[in-house]
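Subject: Structure for you to look at

Dear colleague,

Here is the structure I promised to pass on, with the sequence alongside. My notes on what I found in it follow below, and I would suggest keeping the view open while you read.

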Amino acid sequence: MYFAALLARTEDGWEASDMELDDVESLSDLIDLARAAAVDDDTVVALIEQEDAWFGVVRVDGEEDPRYFVSNAAAASRSSYGSMLTDELLGSDEEDDELDELDLDGTEDGEEEAITAYGGSDDGDDGPGSGAEPVPAGPLGDPRLLDDLGVTHKQLMTLDGDALSEIAESLGATEVLEAVR
């Protein structure tokens, strides 16, 4: 079971809205929802939690590049919404897939690919350079993404249990978050 909410910073504090994850098919969709919730291009924090397995934070500040944090990348990578975040953080996204389709292996059209220097094997183990980074069994991303909002990186790295409530409390947004739960 997932819970997701958007917290948009305003002059008067925070506004919360329930985020319908059924409408989110990609990380771009999530970022678009966050930007649409922004008041005067101010900060929006998207919070996602899957029971007590993992939580994720996406921070969007106007048109700047979003920033991400996932509490447990290995657990998140096994879920549909968490894998969007871990794929982005590990660099395995659609752009990589598009690059893979191009002929960038140094051969001419029709030539066989060069054999790898380490001797590769036929057992499916592509060895170094296979493009598949292992997913860490702990936090992944930018733990400082909420430092200036009152949630220190040390606090973010040690949260567990009802982490979203603790984040909301530090932001001063407990009441608005609970209203959308």
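I will begin with a single contact, in which the side chains of D42 and R9 are joined by a polar contact of 3.2 Å. Please bear in mind throughout that this is a predicted model. D42 is found in the loop between α1 (27–37) and β3, and its relative accessible area of 26% makes D42 partly exposed. Leaving aside residues up to four places away in sequence, D42 touches R9, V60 and G62. The C-alpha atom of D42 is also separated by 7.3 Å from that of A8, although these two residues are 34 residues apart along the chain.

R9 leads on to the first strands, since it stands opposite W14 in β2. Strands β1 and β2 run antiparallel and are joined by 6 bridges, while the hairpin that connects β1 to β2 does so through 2 residues.

It may help to set this against the overall fold. The chain contains 7 helices and 6 strands, which follow one another along the sequence in the pattern β-β-α-β-β-β-α-α-α-β-α-α-α. The 6 strands form an open sheet with antiparallel pairing, and their order in that sheet is β2-β1-β3-β4-β5-β6. Because β2 (13–18) and β6 (140–141) stand at the edges with a single partner strand each, one side of each is left without a neighbour in the sheet. Elsewhere in the sheet, β3 (residues 43–50) and β4 (residues 54–61) pair in the antiparallel sense over 8 bridges, and A46 stands opposite V58 in β4.

The aromatic residues deserve a separate look, as the structure holds 3 aromatic pairs. One of them is formed by Y2 and W54, whose arrangement is edge-to-face, with 6.4 Å from centre to centre and 70° between the planes. This pair links distant parts of the chain, given that Y2 is in strand β1 (residues 2–10) and W54 is in strand β4, 52 residues apart. Y2 is partly exposed, with a relative accessible area of 26%, whereas W54 is buried, with a relative accessible area of 2%.

Y2 has a further ring partner in Y81: the centres of their rings are 4.8 Å apart and their planes stand at 85°, so this pair is edge-to-face. Because Y2 lies in strand β1 and Y81 in helix α3 (residues 80–90), the pair ties together parts that are 79 residues apart in sequence. Y81 counts as buried, at 13% relative accessibility, because the cut-off for that term is under 20% relative accessible area. Taken together, ring pairs link Y2, W54 and Y81 into a cluster.

Beside Y2 in the sequence, the ring of F3 has the charged end of R181 sitting over it, 4.6 Å from the ring centre.

Finally, a few totals for the chain as a whole. Buried residues make up 38% of its 181 residues, and its accessible surface comes to about 10600 Å², of which 44% belongs to carbon and sulfur atoms. Of the contacts in the chain with a separation of 6 or more, 56% are between residues 24 or more positions apart.

With best wishes

Methods:
Residues are numbered from 1 along each chain as its sequence is written. This is a predicted model: local features need pLDDT of at least 70, side-chain atom pairs count only at pLDDT 80 or more; totals for chains, interfaces and linings use all residues. Side-chain values use heavy atoms; hydrogens and water are left out. Helices (H or I, at least four residues) and strands (E, at least two) are DSSP runs, numbered from the N terminus. Buried means under 20% relative accessible area, exposed over 50%, partly exposed in between (1.4 Å probe, protein chains only). Contact means heavy atoms within 4.5 Å. Accessible areas come from the Shrake-Rupley method with a 1.4 Å probe; for residues, only the protein chains shown count as cover. Two strands pair if DSSP finds at least two bridges between them. Rings of Phe, Tyr and Trp (its six-membered ring) pair if their centres lie within 6.5 Å; planes under 30 degrees apart count as stacked, over 60 as edge-to-face and the rest as tilted. A charge sits over a ring if NZ of Lys or CZ of Arg is within 6 Å of the ring centre and within 35 degrees of the ring normal. A polar contact is a pair of N or O atoms within 3.5 Å; within protein, one must be able to donate a hydrogen and the other to accept it, and residues adjacent in sequence count only if both atoms are side-chain atoms.
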